[in-house]
2 protein chains.
Amino acid sequence: MSGLHRLAAIAAAAMLVLAPLSVRADDLPSWNDGAAKQGIVDFVSAVTTAGGTDYVAPDERVAVFDNDGTLWSEQPMYVQLAFALDRVKALAPEHPEWKDTEPFKSVLAGDAAGVAATGEKGLVEILAVTHAGMTSDEFTKIATDWISTAKHPKTGKLYTEMVYQPMLELISYLKANDFKVFIVSGGGIEFMRPWTERVYGIGPENVVGSSIKSKYEVQDGKPAIVRLPDVDFVDDGAGKPIGIYTHIGRRPIAAFGNSDGDFQMLEWTTSRTGRSFGLIVHHDDGDREYAYDRQSHFGRLDKGLDEGPKHGWTIVSMKNDWKQIYPE
Amino acid sequence: MSGLHRLAAIAAAAMLVLAPLSVRADDLPSWNDGAAKQGIVDFVSAVTTAGGTDYVAPDERVAVFDNDGTLWSEQPMYVQLAFALDRVKALAPEHPEWKDTEPFKSVLAGDAAGVAATGEKGLVEILAVTHAGMTSDEFTKIATDWISTAKHPKTGKLYTEMVYQPMLELISYLKANDFKVFIVSGGGIEFMRPWTERVYGIGPENVVGSSIKSKYEVQDGKPAIVRLPDVDFVDDGAGKPIGIYTHIGRRPIAAFGNSDGDFQMLEWTTSRTGRSFGLIVHHDDGDREYAYDRQSHFGRLDKGLDEGPKHGWTIVSMKNDWKQIYPE
């Protein structure tokens with residue numbers, strides 16, 4: 001045995017000894033002991049135990065996470081909506097006509113009810129002026145600059161500091177067990193991609209979301225992707241299994257959400273042949289975060305509360321199951 | 001130092017010693033020595049050398065490959081077209097009216113000119129009856145069954161045996177150097193996904209292609225994704241940078257194609273800031289494969305031959321640069 005082969009053999013042996021550590025240690029320290037945590041650990045153990053009846057090969061270990069309300073806070077409004085409203089304010093000096101035109105007039109006056117009264121038409125107009133009309137690189141810079149400085153109105157934290165520590169641990173735990181982890185969000189795919197890798201450890205190629213159309217063009221010899229003011233795909237509700245089909249091309253074995261917009265994603269995941277896992281984060285902690293469900297404008301959870309348990313989905317109580325909400 | 005830590009340290013040291021092997025060995029044995037092979041090795045060396053001016057972090061090492069004519073043969077017609085025509089024949093007993101209706105009449109009569117005369121309208125009708133109207137699972141089974149048995153009309157090989165050995169080596173070489181390798185094809189995404197992992201080592205989540213629309217629905221309590229007879233996205237020409245933007249969300253640093261349908265993908269890739277690599281496979285080997293370029297119906301290469309070299313793209317001569325075409 002040459003020195004090199006010997007080293008390789010030792011390396012392989014060392015890997016065998018080290019590997020089980022990822023299962024044995026407490027990988028979910030921010031989760032209180034209880035049914036939710038146990039359910040996660042039992043599932044991961046079952047699908048990763050070679051030779052077991054529930055074993056799933058690493059290639060097929062796909063886990064999908066909703067973003068708003070599942071990985072970070074979505075109150076008092078979706079973060080991307082806060083971004084869009086801030087952008088309208090930032091762009092207003094170039095658009096004096098907005099002072100007299102809805103929905104911009106209400107946005108600039110801070111009149112939430114007025115914005116809401118403009119309905120879907122108003123929202124699409126806000127989306128068009130804030131998310132389209134620039135190149136992909138320009139939009140990435142705009143989103144990156146905003147997310148690096150914008151603060152939550154209640155906590156004063158950066159939005160990216162308002163991610164859920166127990167879910168970060170869950171993502172790491174799944175990745176340590178050779179899961180491929182994807183975000184499948186109703187939010188805009190290009191709004192999320194600039195920061196998901198840094199914040200969640202999930203790269204842009206593993207982000208699925210809603211999108212607008214875009215076109216490729218060469219301007220003055222320089223190729224660019226230009227964002228257009230037309231909705232291309234809405235990755236919410238029944239759109240989520242379609243987004244998964246289009247982007248991932250594998251049926252997930254685990255799905256994590258928090259609202260009825262995630263219902264079909266969990267339904268699609270947990271109706272596969274073979275073991276699967278579905279989990280809903282229930283926002284019931286008004287002291288440490290927010291308490292809302294059936295009546296909420298953002299992240300409404302109604303059908304999932306009633307039907308989730310019948311499907312065998314785990315309902316997580318943020319109040320009781322999580323030791324800690326945000327990272328230290 | 002505990003025994004475990006000691007083992008971990010040894011493992012880490014062994015990895016450091018072993019890692020450079022992936023660069024030093026000849027990872028491209030089916031490539032003749034010459035400018036093309038040297039260009040590939042120089043590029044990979046440059047972007048993987050830590051501390052070098054051209055270094056690219058592993059996360060950003062995205063390589064994109066066209067499929068038809070780049071990874072496998074596309075003559076005398078695209079494989080997916082052969083699939084569609086075979087499907088029409090297989091479905092004909094259920095559709096007696098096809099005997100008198102174009103484009104099906106010409107397909108069933110083996111009249112290629114007649115099919116061609118029906119134009120895009122005819123092709124869309126063929127696509128609709130062969131690719132839509134079933135669930136995602138059903139289509140996967142249909143495509144899998146066909147690709148497992150269908151033979152090429154000239155060589156009598158399975159189509160999946162007509163992949164290019166030098167390109168398989170190139171994919172492995174890039175992966176060994178921590179590249180993320182994607183297929184970006186004008187072909188149907190769901191036609192490719194069932195077999196790309198087995199044949200190329202590229203999983204479905206790394207396949208980008210053209211797609212039709214689909215919808216999620218629950219039939220008799222069983223969720224399904226149903227394929228619809230409407231084109232959703234054409235991943236060809238200027239569509240390829242858009243497909244890359246939508247699916248991958250990172251700009252590639254290396255792109256490999258063979259036809260003018262790949263022009264914009266290479267243009268987008270090689271106009272990035274920082275080192276990049278573009279390569280076009282030129283089919284000039286009529287003895288071992290096919291010889292075609294500017295006049296071909298399938299895989300036409302015209303603009304790329306003229307402008308590729310000006311962009312610094314490597315033009316590969318299959319005849320001169322490849323020792324071997326197909327795997328043994």
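Partly exposed, for my purposes, means a relative accessible area between the 20% under which a residue is buried and the 50% over which it is exposed. I'm noting that before anything else, since I lean on it below. I'm also noting that this is a predicted model.

**Entry 1, the loop after helix 9**

I went to B:D178 to begin with. B:D178 has a relative accessible area of 48%, so I put it down as partly exposed. I found B:D178 in the loop between helix 9 and strand 2 of chain B. Its phi caught my eye: B:D178 isn't a glycine, yet the angle is positive, at about 65°.

What does phi look like at A:D178? Positive again, about 65°, and A:D178 is not a glycine either. In chain A I placed A:D178 in the loop between helix 9 (165–176) and strand 2 (180–188). I got a relative accessible area of 46% for A:D178, which makes it partly exposed.

Back in chain B, I looked at B:N177. I see B:N177 in the loop that joins helix 9 (165–176) to strand 2 (180–188). Is B:N177 buried or exposed? Its relative accessible area is 5%, so I wrote down buried; the cut-off for that is under 20%. I then checked what the side chain of B:N177 meets, and one of its polar atoms sits 2.9 Å from the backbone oxygen of B:Y173.

**Entry 2, cis peptide bonds**

I looked up two proline bonds. The bond running from A:Q75 to A:P76 is cis, and I read omega near 5°. I located A:P76 in a loop of chain A, with strand 1 (62–65) on one side and helix 4 (79–91) on the other.

In chain B, I noted that the peptide bond between B:E102 and B:P103 is cis, with omega near 5°. Where does B:P103 sit? I traced B:P103 to the loop between helix 4 (79–91) and helix 5 (104–108) of chain B.

**Entry 3, a proline in a helix**

I turned to B:P194, which I found in helix 10 of chain B, residues 189–200. I have B:P194 as partly exposed, because its relative accessible area is 28%. Which residues does B:P194 touch, once neighbours within four places in sequence are set aside? I listed B:T140, B:A143 and B:T144. I also took a C-alpha distance from B:P194 to B:L158: the two are 36 residues apart along the chain, and I got 15 Å.

**Entry 4, chain A as a whole**

I stepped back to chain A and counted 14 helices and seven strands. For the 328 residues of chain A, the globule rule gives 20 Å and the radius of gyration is 22 Å, which is close, so I call the chain as compact as a globular protein of that length. I laid the C-alpha trace of chain A along its principal axes and got a span of about 75 × 55 × 40 Å.

How much of chain A is buried? I have 53% of the 328 residues down as buried. I then looked at the contacts in chain A with a separation of 6 or more, and residues 24 or more positions apart make up 64% of them.

For the surface, I noted that chain A exposes about 14,200 Å², with 54% of that coming from carbon and sulfur atoms. My last lookup was charge: chain A carries 33 positive and 46 negative side chains. I compared the centres of those two sets, and they lie 3 Å apart.

Definitions and conventions: Residues are numbered from 1 along each chain as its sequence is written. Chains are lettered from A and ligands numbered from 1 in the order in which they are written. This is a predicted model: local features need pLDDT of at least 70, side-chain atom pairs count only at pLDDT 80 or more; totals for chains, interfaces and linings use all residues. Side-chain values use heavy atoms; hydrogens and water are left out. Helices (H or I, at least four residues) and strands (E, at least two) are DSSP runs, numbered from the N terminus. The radius of gyration is taken over C-alpha atoms; the globule rule is 2.2 Å times the number of residues to the power 0.38. Buried means under 20% relative accessible area, exposed over 50%, partly exposed in between (1.4 Å probe, protein chains only). Contact means heavy atoms within 4.5 Å. Accessible areas come from the Shrake-Rupley method with a 1.4 Å probe; for residues, only the protein chains shown count as cover. Lys and Arg count as positive and Asp and Glu as negative; His and the chain ends are not counted. The place of a charge is taken as NZ of Lys, CZ of Arg, CG of Asp or CD of Glu. A polar contact is a pair of N or O atoms within 3.5 Å; within protein, one must be able to donate a hydrogen and the other to accept it, and residues adjacent in sequence count only if both atoms are side-chain atoms.
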